[in-house]
Amino acid sequence: MSDTILEVRNICKEFPGVKALDNVSFDLRRGEVHVLLGENGAGKSTLMKVLTGVYHPDSGEIYLHGKQMTFQTPRDAQKAGIAIIFQEFNLAPNLTVAQNIYLGREPCTRAGFIDRAKLLQDSQRILDFLKVDIDPNAKVETLGIAHQQLVELAKALSIDSEILIMDEPTATLSDREINTLFDTIRSLQERGVSIIYISHRLQELRVIGNRITVLRDGQSVGTRNAGDVAMDDLIRMMVGRELKKERIRSVNTSREEYALEVENLSQGKLLRDISIYVRKGEVVCLAGLVGSGRTELAQAIYGITRRDSGSVRICGRDIPRPLPTRCIRQKMGFMSESRKEFGLALNLPIRTNITHAGLKTIFPSGIVDLRKERRIAKEFRDKLRIVTPDVERNVINLSGGNQQKVVLAKWLSTDSEFLVFDEPTRGIDVGAKEEIHNMIHDLATQGVGILMISSDLPEVLTLADRIYVMREGRIVKELGYEGITQEEVIAYATGGVAG
Amino acid sequence: MQWIKKHLATLSRLSILLVMFLLLVIVSPSFGTMTNILNVLRVSSLTLMVATGIALCMLVGGIDLSVGATIALTSILFGSRFQLGHGIGDMVFGIAGILVVSALIGACNGFCVAWLRIPPFLATYGIQQIARGLAYVLTNGLVYSNFTSTFQFIGGGRILGIHTPIIFAALLLLIVGLMLNKTTLGRRIYAVGSNREAARYSGINVNATLMMAYILSGIIAGFAGIVYTSRLNCAEPTIGSEFAQEAIAAAAIGGISFKGGHGNVFGVVVGALILTLITNGMTLLSIDSNWQVGATGVIIILAVLIDRNTAKKKH
């Protein structure tokens, strides 16, 4: 159990302007789950890319079974038995599960055609081992995210990997799915597979991890046994400072005027007879399970989808036929759940991304005043502490937390008075998370009405003035923040108590 | 330093052009003469104009194959319908007519792409066939020529010794460059091309932006058609058939991404000049014209490879 199979010594990797990895060392034992913990930009991803042959380190050594290795390409690392499951899956959505598992390595008949029977059989064997009930003939696009992840896992196992790297595997999973995943990880451990596990979720690390190595600013801060480390210690190692725990919002700053009034909104089977309101200066959270209709509600309000019936008023004005443009004119802003898909033009500079939502209001004449645009970009870079030397940098070069801040800057530059935040801190490290929480609080204090969708209950409880709980397309309960517990919210969200 | 890094791709393209230029100056004595350089610019100016329009469609993630047919149809209409008399008024009316018709063709492209959601390649190919077909029907095989000398000046004259097409191309580039960098329309074009969904969530009217890109490409093609017809002093339904291909190649060599949202007009200039230098250079080196066609293909592929490898190094 204790023999070291992978050792990384003094790895350094520099990118123009940033020292991404600075003398990082750590080791991995057979059959252990070794957690890599660190804020975004701490160097975790870079380290993983070095281990899988995507990047070449400037200096330092990698030993596998005591033998020094250099991985020229990802394929070399794969051959050596190191597989990685990225946050964004590398699956071909329109192929079947079995085809994906053996993509590029399909078993062939003697005539050179693909041996479909064997392909199915082998895939089924791996899926059985993972104890998951997925039809190997199903197309990947028809599966939920959790199952897609398991297909990725099956793919990694099909190449007999000794070392599995999992990047934020639980970020998009529900609690039950997480438990299944953890069971799978445990049975992998029993088979002697070692796992490098990257995550921000502190609670789960001690459940699944054996040892935890903390990275900060490209350096390894230390390695601890998961069994006997205090949570506060880990946090301190990660951020180098104490995080305050108490409720961020001490006073309810809600005002008389309404930012949002929704009456009897329905949309097919997704949304049924929904009536909610948000006052200016108020933080209202939509709680509920994934798929309960929270995002769908926000999209229907914003005019991304059409509602069947009901009325929506934004900042006091009726929006009979909603469109993003019309909502923006009424000072609404929408921070989507997926910033890469819906929030940012990744290959354009920070400067232009920030003005995208405000083109009509910031430049009413249609002529872009470059100096003004640059001034606005710099103003928000400083205000939101977006870490970048230059607002001309393309957004793609920023870390997740900083990208999220660019999206926020986009909506602040249009002087939004009603903002929807859909999972604003998903996949973001604790430090940036706290910053975003403070910003939401500050915005509310300044009189902005906020509707926040979040699956992170502690986050809901620290920020919300009021909570609507959704289940199966309905609002099942409205709760004030006082005296309410996570358990209570979960009970309503899952139908554990009668709404 | 930062500036160099940001513009590395453009600079590398520019250096390919400069190397080609210097090689030709050394190898061929007649290349460096003012006459030849002006000639190169004149030849490339039409490709350049059309490529600028296509680049707009490529920036929003599309393509415009209909430019050649637009040139043919508008030039036929000019010869057969718009310019019935020979006065200045007729000419002005004719030119205005061309611009309106070409804008309409662009609008048809935009409508098919934005509202009917037909893939741009197919939509503009279809419109191209329709426009070309109309040109044949309207002429019934006739060729129109003998335009007024005023009209011939537009494409065939010189101002201060510089050919008019060069001047028009330069003006067009200036306008389109300013539009892309200094107007909200330009911002919208890049935003839609870079991430259509994010643009929609930002309240940008995606369909209207697509529409504008195709209309502008149509108008620019119509404008190029005026210059071309004037220079040829002739209008016939078959002209301009190779324009789309050449212009797309110029834009692509110049770094306009097929995926949208990436590239600038300066790149298009470099791309168009590289393309013209290849042909011009081979002619000056008296390479057999039968071999020139294939050689052009080889050089284009080499240029793209060199360009991509230098651009990659910045990572």
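**Exercise 1. How many bridges join strand 9 of chain A to strand 10 of chain A, and do the two run parallel or antiparallel?**

Step 1. Count the bridges: strand 9 and strand 10 of chain A are joined by 6 of them, and the two strands run antiparallel. Here strands (E, at least two residues) and helices (H or I, at least four) are DSSP runs, numbered from the N terminus. Two strands pair if DSSP finds at least two bridges between them.

Step 2. Pick out one pair: A:Leu215 faces A:Ser220 in strand 10 of chain A.

Step 3. Look at the turn. The hairpin of these strands has 2 residues between them, and A:Asp217 takes a positive phi near 50 degrees there.

Before you go on, remember that this is a predicted model: local features need pLDDT of at least 70, side-chain atom pairs count only at pLDDT 80 or more, and totals for chains, interfaces and linings use all residues. Residues are numbered from 1 along each chain as its sequence is written, while chains are lettered from A and ligands numbered from 1 in the order in which they are written.

**Exercise 2. In what order do the 6 strands of the open sheet that holds strand 6 of chain A stand, and which strands are at the edges?**

Step 1. Read across the sheet of chain A: the order is 6-7-8-3-9-10, with mixed pairing.

Step 2. Find the ends. Strand 6 (82-85) and strand 10 (219-225) of chain A each have a single partner strand, so one side of each has no neighbour in the sheet.

Step 3. Check the twist, which averages 20 degrees from one strand to the next.

Step 4. Walk through the pairs. Strand 6 of chain A pairs with strand 7 (residues 163-167) in the parallel sense over 4 bridges, and A:Ile84 has A:Ile165 as its bridge partner. Strands 7 and 8 of chain A run parallel with 5 bridges; A:Leu164 is opposite A:Ile195 there. Strand 3 of chain A runs parallel to strand 8, with 4 bridges, and A:Val35 partners A:Tyr197. Strand 3 of chain A is also joined to strand 9 by 4 bridges, again parallel, with A:Leu36 opposite A:Thr213.

**Exercise 3. Is strand 8 of chain A buried, and which way do its residues point?**

Step 1. Apply the cut-off: a residue is buried if 20 or more other C-beta atoms lie within 10 Å of its own, exposed if 12 or fewer, and partly exposed in between, with C-beta atoms placed from the backbone.

Step 2. Count. In strand 8 of chain A, 5 of the 5 residues are buried, so the strand is largely enclosed by the rest of the structure.

Step 3. Sort by direction. A:Ser194, A:Ile196 and A:Ile198 point one way, and A:Ile195 and A:Tyr197 the other way. That fits a handy rule: in a regular strand the side chains alternate between the two faces of the sheet.

**Exercise 4. Which strands and helices build the open sheet of chain A with the order 16-17-18-13-19-20, and what packs on it?**

Step 1. Start with the strands: there are 6, and their pairing is mixed. The edge strands of chain A are strand 16 (332-335) and strand 20 (474-480), each pairing on one side only.

Step 2. Take a pair from the middle. Strand 13 (residues 283-288) and strand 18 (residues 449-453) of chain A pair in the parallel sense over 4 bridges, and A:Val283 has A:Ile450 as its bridge partner.

Step 3. Add the helices. Helix 16 (residues 430-445) of chain A touches strand 13, strand 17 (418-422) and strand 18, and its direction makes about 150 degrees with that of strand 18. Helix 18 (residues 486-494) of chain A touches strand 13, strand 19 (466-471) and strand 20, at about 35 degrees to strand 19. Touching means contact, with C-beta atoms, placed from the backbone, within 7 Å. Axes are lines fitted to C-alpha atoms, for helices over the stretch in contact, and angles run from 0 to 180 degrees between N-to-C directions.

**Exercise 5. Into which domains is chain A divided, and what separates their centres?**

Step 1. Read the bounds, which come from an automatic or database domain assignment: domain 1 of chain A is 4-239 and domain 2 is 258-494.

Step 2. Take the centres over C-alpha atoms: 32 Å separate those of domain 1 and domain 2 of chain A.

Note on methods
Contact = placed C-beta atoms within 7 Å.
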